[in-house]
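Dear colleague,

Please find the structure below, handed over for your use. A summary of what was found in it follows.

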Amino acid sequence: MKADSAILKTAITPENIMKNETSFALKFNTDETGSLITNIPYDDYILPCKATGGALAPDISPEYSAEKNSAAINGAINTASAGKGNTVLIPRGEYKITEIELKSNVTLFISSGAKLTAQTFEEREKSGRRETLEKPEAMFAPSRDHLHGGVIFAENAENIRITGGGIICGSGASYTDPAKNETPLYPLEKFNTHKRVIEARNRIRFGKSGVKRSYLVRFKNCKNAAVDNVTLNESAFWTLVVDGCENVDIHNIVIDNNMHVANADGIDILFSKNITVKDCFIATADDGICLKPVDGEIENIFVGNCVVSSFANCFKIGTETAFDAKHITVKNCKFFIPRGMTYGYSGIAVESADGSNVSDVEIDGIEMFGISSPILIWLGKRLRYGNTKIGSVRDIRIKNITAVDTELPSAVTGCKDGGKTYRPENIILENIRASYRDTNEELDIPAEAPEWSAADYPDIVRVSHIYKGSHEESDYYDLPCYGLFLRYAGDIEYSGYGCKPRRCNKRPFVFIKD
C-alpha cells in the first residue's frame, strides 16, 4: 500500500493487538540507581569450556601491577603466536592490566573465575599514563594510542579467539562524571517528549572532560576471529568493536555495562563482512548492536537470538554512514528496558545520514518491552565524512514484531534538499503489533513538524526537533499521530502495522506528509 490516506480505512484496529502481553522486562532487576541489571542469567549464555592441552600460563598475580601483568600476558601471546602453543591461559583470580594485544593463531582463554580489569581513571592518573583530547570530537576517531585501541585489541591478525568463561572489565564508570540525577527514571505521569528527553539526559554519566576513554575489545583488520563464553563488563566506551574484519563469530557472550555511561555501545561493526552475532545478552547505555559503515562497506551480517537492553537503540544501522551497508538479517531477538523504567529511542533504527546506500535488510521475530518507539527508518542529509550526495534506504522488510509499553510512534522519514525529495523505497512493515504504556499525556504538537533535524543526528525524538545550543533549550515536539509518522516516505507497505494507543489518546493512527 502506498503512503496515502487510504491507510486510515485499512489499518489494523487496536482490538486485534496484544491480547496476551507478557512481563518479560519486569523480571530484570536493577540496582538503586537503575544503572546495573543485578540478575542477568549468566548461566544461559556463558557455557562450560576447557582450554586445550599445552596452554601457556603467564606469570601473573593479583598482587602485581597492571604493567607487570600485561607484560607477562603479552609475552605469552608472542610466544604462542611464534608457534610454541596456541592458547594463553588466564587462571582464576582478578588481575589488573593496561592493554593486551592478541596475535595471530592465538586463543586468549580467560578461565571461569578469572577477571582482567583495566586500570581505573585514578590509577592511570597516578601512573602518569593519562591521555587528553585536543578536540572533543576526537574521542570518536579510532586510534592506536594507549588504550583507545582497546583494553584488549588485535590488528592485522587472523585465527584469533577470546573465550574461557571469565570476565574482561573496563572500569568504565571511573572515566565519567556523576550524573545530575542518580535515581532510576520511571514513566512520567503525563508523557511529554521534551520532558522525557531531559529527564533521561540528567541521568547520563558523561566522560570526564578532555579524557580519552578506551574501547574494551577491538579487532581491526582481522580475519577468522571469534569471541565467545566471556563477559564484557563496565566498558568506558564502545565495548566490542569489529572494524575492517572478515569472518567473525560472536556468540554466547554477556555485555554487562553501566547503563548510564555515555557512548558505551554494546557491539559495533564497522567496515566488515561475514559477521555473526548470536545467543548474546547485552545490557548497555548506548546502542546495543550497531552497524557503522564509516570507512568501508558492511556486508553479510547476521544477528540472531539476542537479548538486548539499551538506553538508546537496541539494533541500529547508523548514524555514522559514509559507505554502503547491505545483506543484513536480524532474527528472533528480545529488546527491553528493565523493571518498568522509561528510557531510550527505538528498538530498530535503520538510517542513512552521510551518503550510505542501505539495502536488503530483513528483521523478523522481535519482541520489545518498554522500548520507546518500535521502528525508525531515516534517510537524511547530514553528509559528514566528505560525502556530498544523499544516499538511499531501500528494500527493508520488518515483520513479526510485537512491542509492549511503547511511548512514541514509529517513523519512516526521508528528506528534501535542493528542491529534490529523497525517500526510503520498498519498505515493508508486516505483522507489526504495538501497544502503549497507558499513562496520561501532556503533548506539545506543532502545527508543522520541524525538519531541521533531518540534517543532524537521527533518532526518534529528533524527528520533530529544533536544536538551540543545548538539549535543555531545544524544542522536542510530540508527533501528531500515535502509530506511524510518514514524511517523504516512498514505496511503503504498512497495512500490517497496528497500534493500541493510550486510553486518553486524541491523535490519529497515521500522519502523512507528501
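**Findings**

Strand S23 gives the largest share of the lining of the second largest pocket, namely 3 residues. Please note that this is a predicted model. Strand S23 (325-336) and strand S25 (357-369) each supply at least two residues of that lining. The volume of the second largest pocket is about 210 Å³. There are 16 lining residues, and those closest to the centre of the pocket are Phe-24, Tyr-45, Asn-305, Val-307 and Lys-334. By class, the lining of the second largest pocket comprises 8 nonpolar, 3 polar and 5 charged residues.

I turn next to the enclosed spaces. The structure contains 2 cavities of 30 Å³ or more. The largest cavity holds about 40 Å³ of space. Its lining is formed by Phe-191, Thr-193, Glu-407, Leu-408, Pro-409, Tyr-436, Leu-443, Asp-478, Leu-479, Arg-502 and Arg-507. Of these lining residues, 6 are nonpolar, 1 is polar and 4 are charged.

The second largest cavity holds about 30 Å³. Lining the second largest cavity are Thr-193, Leu-408, Ile-460, Val-461, Val-463, Ser-464, Tyr-477, Asp-478 and Leu-479. Here the division is 6 nonpolar, 2 polar and 1 charged. Thr-193, Leu-408, Asp-478 and Leu-479 appear in the lining of the largest cavity and also in the lining of the second largest cavity.

The strands deserve a separate paragraph. An open sheet of 12 strands, with parallel pairing, follows the order S3-S6-S10-S13-S16-S19-S22-S24-S26-S28-S35-S38. At its edges lie strand S3 (100-101) and strand S38 (510-513), each of which pairs on one side only. In general, the strands of a sheet pair through backbone hydrogen bonds, in either a parallel or an antiparallel manner. Within this sheet, strand S26 (residues 373-379) and strand S28 (residues 410-413) run parallel and are joined by 3 bridges. Leu-376 stands opposite Ala-411 in S28.

Two loop residues that touch each other complete the account. Phe-271 is located in the loop between strand S16 (267-270) and strand S17 (273-278), while Glu-297 occupies the loop between strand S19 (289-291) and strand S20 (298-304). S16 and S19 both belong to the open sheet described above.

Are these two residues buried or exposed? Glu-297 has a relative accessibility of 35% and therefore counts as partly exposed. Phe-271 is likewise partly exposed, because its relative accessible area is 35%. The relevant range lies between under 20%, which is buried, and over 50%, which is exposed.

Leaving aside residues up to four places away in sequence, Phe-271 touches Asp-243, Gly-244, Cys-245, Lys-292, Asp-295, Gly-296, Glu-297 and Ile-298. On the same basis, Glu-297 touches Phe-271, Ser-272, Phe-323, Asp-324 and Lys-326. Phe-271 and Cys-245 are 26 residues apart along the chain, and their C-alpha atoms are separated by 7.1 Å. For Glu-297 and Val-358, the separation is 61 residues in sequence and 9.9 Å in space, C-alpha to C-alpha.

Yours sincerely

Technical notes. Residues numbered from 1 in each chain as written. Predicted model: local features only at pLDDT ≥ 70, side-chain atom pairs only at ≥ 80, totals over all residues. Heavy atoms only, no water. Helix = DSSP H or I, 4+ residues; strand = E, 2+ residues; numbered from the N terminus. Buried < 20%, exposed > 50% of the residue type's maximum accessible area, 1.4 Å probe, protein only. Contact = heavy atoms within 4.5 Å. Pairing = 2+ DSSP bridges. 1 Å grid on protein atoms, 1.4 Å probe; cavity = no way out; pocket = protein on both sides within 12 Å on 5 of 7 lines; lining within 4 Å. Points joined across faces, edges and corners; volume = space filled by probe spheres on them. Nonpolar A, V, L, I, M, F, W, Y, C, P; charged D, E, K, R; others polar.
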